[in-house]
Amino acid sequence: MPEPTKKAGSAFTKKPKTLEVVAGSTAEFLAETAKADAKVKWQRDGKDIQTNEKYIIKAEGTQHMLIVNSAIKEDDVVYAVISGTSKVKFELKVKEEGGKEQTPASQESPQKTAPPPRVWSSGEGSAEEAEKHNDSKQSTLFTEKPQSGTVTVGDDITFVAKVEAKDLLRKPNIKWFKGKWMDLASKAGKHLQLKETFDRLSRTYTFEMNIIKAKENYTGNYRCEVTWKDKFDSCTFDLEVIEAPEVAQIDIRAAFKRRSAAVSSTEGQDDAGELDFSGLLKKREVKQEETEPDVDVWELLKKAQPHEYEKIAFEYGITDLRGLLKRLKRMKKVEKKSAAFAKVLDPAYQVDKGEKIKFVVDLADPTVELKWYRNGQEIRPGGRFIFEHKGTQRMLTIKNCSMADDAAYQVVAGDEKCSTELFVKEPPVLISRELEDLNELVGERVQLECEVSEENANVKWYKNGIEISNSNKYRIKAEGTKHYLIIPEATKADSGSYSVKTTGGQSTGVLKVDLKPLKILQNLSDQIVRSGKEGVFQCELSEASITGKWYKNGQLVTPSEHVKISHRGKVHKLIIDKVAMDDDGDYTFIPEGYSTQLSANLRMIDAPKLHLDNIPKPPENFITVVAGNKLRVEIPVTGEPAPRIVWMKGEKVILDTGSRVKAESFPDHTSLTIESAEKDDSGTYNIVVQNEAGEDTAQLKIKVVDAPDPPAPPVVSDVGGDYCTMTWNPPDYDGSSPILGYIIERKKKQSSRWMRLNFDLTKDLVFEPKNMIEGISYEVRVFAVNAIGMSKPSEPSKSFVPLAPTSEPTLLVCDGVTDSTVSLKWRPPERIGAAGLDGYAIEYCFEGTDEWIRSNDELIEPTKYTITGLPTGKKIQVRVKAVNAAGESLPNTISQSILVREVVEPPKIRLPRQLKQTFIRKVGEVVNLLIPFQGKPRPKVIWKKDGEPLDLTKVSIRNTESDTVIFIRKAERSHSGRYELIVQVENLEDKARLDIQIVEKPQPPLVVKIMDVWDGNVELAWNPPKDNGNAEIVGYTIQKADKKTMEWYTIVEHYHRTNCVITDLIVGNEYFFRVFSENMCGLSDDATRTKDAALIRKEGLALKTPKYNEYDFTEAPKFTHPLIDTIAVAGYNATLNCSVRGNPKPKIFWAKNRIQIEGDPRYRMFCNQGVCTLEIRKPCPYDGGLYTCKAINTLGQAEVDCKMEVKGGFTFQELLIQGVPLSIIDSYIGSQNFG
């Protein structure tokens, strides 16, 4: 079966199930987790449940319990239990208690008064019982529907559906679904197989869904749908997958005990609780105090007589006798042919209540004793039970069947028995007198009446399809077969369709409730009320019971502190407290249920008033406007009716027709508008408002302000390398507003783009711009800012150029000292600047004085200088300054005093690395070698070749104070040899040797001979060349040519030996061969050719076996490259390498401190082509020590050693604190001492 989604395993081994309990009882939910320490929380409608009197939460080991005390209807919600990522939802259904509760005696009695209702869930009960309680209508296509089933995890299960095809022209379409939407046809595969077959004899299609190796998440509801043209049929079934039960004895006494008396039951049901078969499906954890049953009760029940079942159940504590009998009946047993019965009872019988039923069995042995039982109790003849004999047939007739006869029946013949069940069906209750339609008036008593066929029948009343129960509004009464629905005081809302339903039918009647006629005794009247006074609307109707609603301008009026609504007797009032402008409008009263409307108008009058809440108060009662801007002042005006408004400035009235200044009036406010305000618009403005209720006046002051004038041009007083100092004077006119600060801008003289320098206003009249570029001409300007805005910019300052001296010279050192001079050298300043560098000034002073003497009268540009004319033996201090147009830089001074006296420095030759090996050049190439040296005074240089003075006619030599050059324009073979360089300073000298090798191409081999010819092979041999070109012969190149064409082809290159066998020659051809010599310069210019040609003959192919001298290649192990002492870094991999040869191939062993290394994952050992490697992974300090590599074969052995030291280790105390064992610490300390 395919899995829609991959889910992790549930944390619960047992999940709580939905319960149905009677109101007021206790409900218990049990959950079991896989782990004893799992954290579990319970939720109600998504909210966590805390332990209190209502809810009790318990946890014992893996079991977790939620107890709901005194269940009420509000507890009928969805609950959940959560552990980790697993969440299980379940419901608590609370049912109202109806009728009397069963007494304990009635619960224990085996007789039944009514058929017990079953509560079905996935995987419970048998297929027969499920069919009995299927309320769906009869199937139209299915002849056999798939039934619910239970399967163990890993087992297979098959669901079968059959469709009769007698009336079908072709095969119907069938679909299998899981849940509501998942079509299983697309999931067929390894775990799900769909099959279909057709039986031609019975004309029946059989469809099978086979689930293979079921998993826990296959549990759920499934649906099967079949269609053919316009016919459709479907059915649902459940699959429950349970865990595989452990092989253990089942305690059926615990399995058939009822859960709780709190589980809901129906009156007359003898099954007082829901059966819990989980004990038969899954073995729970057995506590130590529990013991397995000593007696196998199943075997006792199989062997016992039916009349002994009750006794066994009582003895072993089994309270659900009927459930036990059903389970026993469904147990698999071996079918064997009955010796006592020729025909047994049918599996089940059905009879209507009050009718009679006959059970018939046919005996194989008429002489056997026969007994009849009902629910395990023997039936005695008499009364309603009649026993009859007719040949071998035995009959039991039950007259006037009642609900108590709905039971399990058995007939026992000797040692054999057969069973059946009888279902008693109650007849439907019919309605003998239908409901009648009624027309009533509001407030009257209404009674609906009907009559049914039986007394004490269950009758339900409905209004417009909704069930009605006893309440303050409705009273339901029954007297014998008559049933009444009474409405004590009818209202308009009670009109509708009423129906009564029984098990045998229903009856419907229509009730119409009309209103009584309405008369208006006093109508509403219009009201005129002053502001703040009370307004009252009043009307009087003919009936005191009539209610109504008030509306204002069509909107419903609701009572509040401002509006009060009263109804006393026939009078209805609407009182408005402190009437305001919002209360104006049309008011209407509409009686409830009538179309009549009563209307009136409310009008409020009020004295005019100017509302100056948003106008500045004294002493700053003026309105400020910026010159050139538009000013619009709006003042709210109230008054009813709308007042007349007049604006004046002095004695001049401002009209609404003005072009730049005008006053306008509106219903709720007045406004003054000034377009492009001017300085003359400042002043006092008067406002007068009048209406029939009074007059109000007010004054406004308006002030026109402007931005300030620009400041005077700034003056730049001080200029540095990247800064300057500027000052300015404030503007002459501040715009009638205080100056808040200034904004400074600068720009390059040749640019038009100004850059702001201060983002915060500066209040000072001095500013220092910074971060300017040296050598660039700048200008600056200033803006003045007040509350109104920013002035125009001032005139730019005069242009200025920032310049700065350079930084001090760097790396000043003494380059040489003689008896009267001191040589200096230095590097240019790091920063020169835009002013450039004009030169350097050198100064010195004698030690012990502060007088600096200028050595150079004029500036010098070179970065070296020699101070002359100094007295011998004196100490001086020296400093150097850089000078440019901005002045002198800071000096750079040598920290130590210099003694004016020449110092002897021993000679030292610095031979370049490439000359420490043989220097090789080809004939004709240039040789130009520079060899530096040091020494003071100036050293003497001597060259020698092969111990003799160098012939300067063949080799050129050039010497300086610090180096010497040997130059050969065109190298020859005679220039090869060992050269010796000697550098002398007084009695001191230093020597260096270098080898120069001049090479050229070699001569060809001396003689090439054909030693032998056989088959297609030719053996050649030759002698090495007489002149190898002053270089080692690295190989030979062999070519062949057919005598016919004499075209040469290379057949072997870089051949090292002086004899060779040429193969794959063509039979019948004749070949010449030639050989070239090769050294590092290349092939020889000429080749030596064979004197005679080699003829490859066609006949007489004979093999001439050459004779070989056997050579013994065996050799004892010998290390060609030893191990080298190594220093490793702690935490980084280290490797030890060596190479060995030997034949047979030697075996390699590694040891540390003479102890062989084997089986340690920190060491990896490799051996490839004789190269042996030991890799130490992330060594620590105690991995240091003596490492040995030993090679052994049959001829002997050899070994090499090396020492390895690991840096970055720990002290003894640090190792001890980190918990390193003492044995390892000892080895570590020993390795450290060894190193």
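**Exercise 1. The chain as a whole**

How many helices and how many strands does the secondary structure of the chain come to? Find also the share of buried residues and the share of long-range contacts.

*Solution.* Keep in mind that this is a predicted model.
- Step 1: The chain holds 9 helices and 95 strands.
- Step 2: Of its 1235 residues, 37% are buried.
- Step 3: Take the contacts between residues at least 6 apart in sequence; 63% of these join residues at least 24 apart.

**Exercise 2. Following strand S55**

Work out which strands are joined to S55 by bridges, starting from S54 and going on to S58.

*Solution.*
- Step 1: Begin with S54 (residues 715-719) and S55 (residues 724-727), which run antiparallel and are joined by 4 bridges.
- Step 2: Look at what lies between these two strands: S54 and S55 form a hairpin, with 4 residues between them.
- Step 3: Pick out one pair in this hairpin. Val-716 has Met-726 of S55 as its bridge partner.
- Step 4: Now move on to S58 (residues 766-767), which is joined to S55 by 2 bridges and runs antiparallel to S55.
- Step 5: Find a pair here too: Thr-727 stands opposite Val-766 in S58.

**Exercise 3. An open sheet and its edges**

In what order do the 3 strands of the open sheet with S78, S79 and S82 stand, and why is one side of S78 and of S82 left without a neighbour in the sheet?

*Solution.* A reminder helps here: strands of a sheet pair through backbone hydrogen bonds, in either a parallel or an antiparallel way.
- Step 1: The order is S78-S79-S82, and the pairing is antiparallel.
- Step 2: S78 (1008-1014) and S82 (1059-1062) stand at the edges and have a single partner strand each, so one side of each has no neighbour in the sheet.
- Step 3: Neighbouring strands of this sheet are turned against each other by 20 degrees on average, with direction ignored.
- Step 4: Zoom in on S78 and S79 (residues 1017-1022), an antiparallel pair with 6 bridges. Within this pair, Val-1013 has Val-1018 of S79 as its bridge partner.

**Exercise 4. Lys-492 and its surroundings**

Is Lys-492 buried or partly exposed, and which residues is Lys-492 in contact with beyond its neighbours within four places in sequence?

*Solution.*
- Step 1: Locate the residue. Lys-492 sits in the loop between strand S34 (482-487) and strand S35 (496-502).
- Step 2: Its relative accessible area is 46%. Partly exposed covers the range between 20% and 50%, so Lys-492 is partly exposed.
- Step 3: Beyond its neighbours within four places in sequence, Lys-492 is in contact with Val-442, Val-513 and Asp-514.
- Step 4: Take Asp-514 from that list: this residue is 22 residues away from Lys-492 along the chain, while their C-alpha atoms are separated by 6.6 Å.
- Step 5: Then take Val-513, whose backbone oxygen is reached by the side chain of Lys-492 at 3.4 Å.

**Exercise 5. The nonpolar cores**

Which residues of the largest nonpolar core touch the most other members, and which strands each supply at least two residues of this core?

*Solution.*
- Step 1: The core has 28 residues, and those touching the most other members are Phe-159, Trp-176, Met-209, Ile-211, Cys-224 and Leu-239.
- Step 2: At least two residues each come from strands S12 (157-164), S13 (173-178), S16 (204-211), S17 (220-228) and S18 (231-242).
- Step 3: Follow one member, Cys-224. Not counting residues up to four places away in sequence, Cys-224 touches a group including Phe-142, Ala-161, Trp-176 and Phe-237.
- Step 4: A second, separate core has 23 residues, among them Ile-379, Val-411, Ala-413 and Val-424.

**Exercise 6. A record set beside the model**

The UniProt annotation "coiled-coil region", from an unreviewed entry, covers residues 431-458. What percentages of helix and strand does the model have in this span?

*Solution.*
- Step 1: Residues 431-458 are 0% helix and 50% strand.
- Step 2: The C-alpha atoms at the ends of this span lie 12 Å apart.

**Exercise 7. Backbone details in loops**

Locate two cis peptide bonds, one before Pro-641 and one before Pro-1144, and then look at phi of Met-1046.

*Solution.*
- Step 1: Glu-640 and Pro-641 are joined by a cis peptide bond with omega of about 5 degrees. Pro-641 lies in the loop between strands S47 (631-640) and S48 (644-649).
- Step 2: Asn-1143 and Pro-1144 are also joined by a cis peptide bond, with omega of about 5 degrees. Pro-1144 lies in the loop between strands S89 (1134-1143) and S90 (1147-1152).
- Step 3: Met-1046, a residue other than glycine, has a positive phi near 55 degrees. Met-1046 lies in the loop between strands S80 (1035-1042) and S81 (1048-1055), and is partly exposed with a relative accessible area of 31%.

Conventions. Residues are numbered from 1 along each chain as its sequence is written. This is a predicted model: local features need pLDDT of at least 70, side-chain atom pairs count only at pLDDT 80 or more; totals for chains, interfaces and linings use all residues. Side-chain values use heavy atoms; hydrogens and water are left out. Two strands pair if DSSP finds at least two bridges between them. Axes are lines fitted to C-alpha atoms, for helices over the stretch in contact, and angles run from 0 to 180 degrees between N-to-C directions. Buried means under 20% relative accessible area, exposed over 50%, partly exposed in between (1.4 Å probe, protein chains only). Contact means heavy atoms within 4.5 Å. A polar contact is a pair of N or O atoms within 3.5 Å; within protein, one must be able to donate a hydrogen and the other to accept it, and residues adjacent in sequence count only if both atoms are side-chain atoms. A nonpolar core is a set of buried Ala, Val, Leu, Ile, Met, Phe, Trp, Tyr and Cys residues joined through side-chain atoms within 4.5 Å. UniProt positions are given in the numbering used here, feature names are shortened, and annotations may be inferred rather than shown by experiment.
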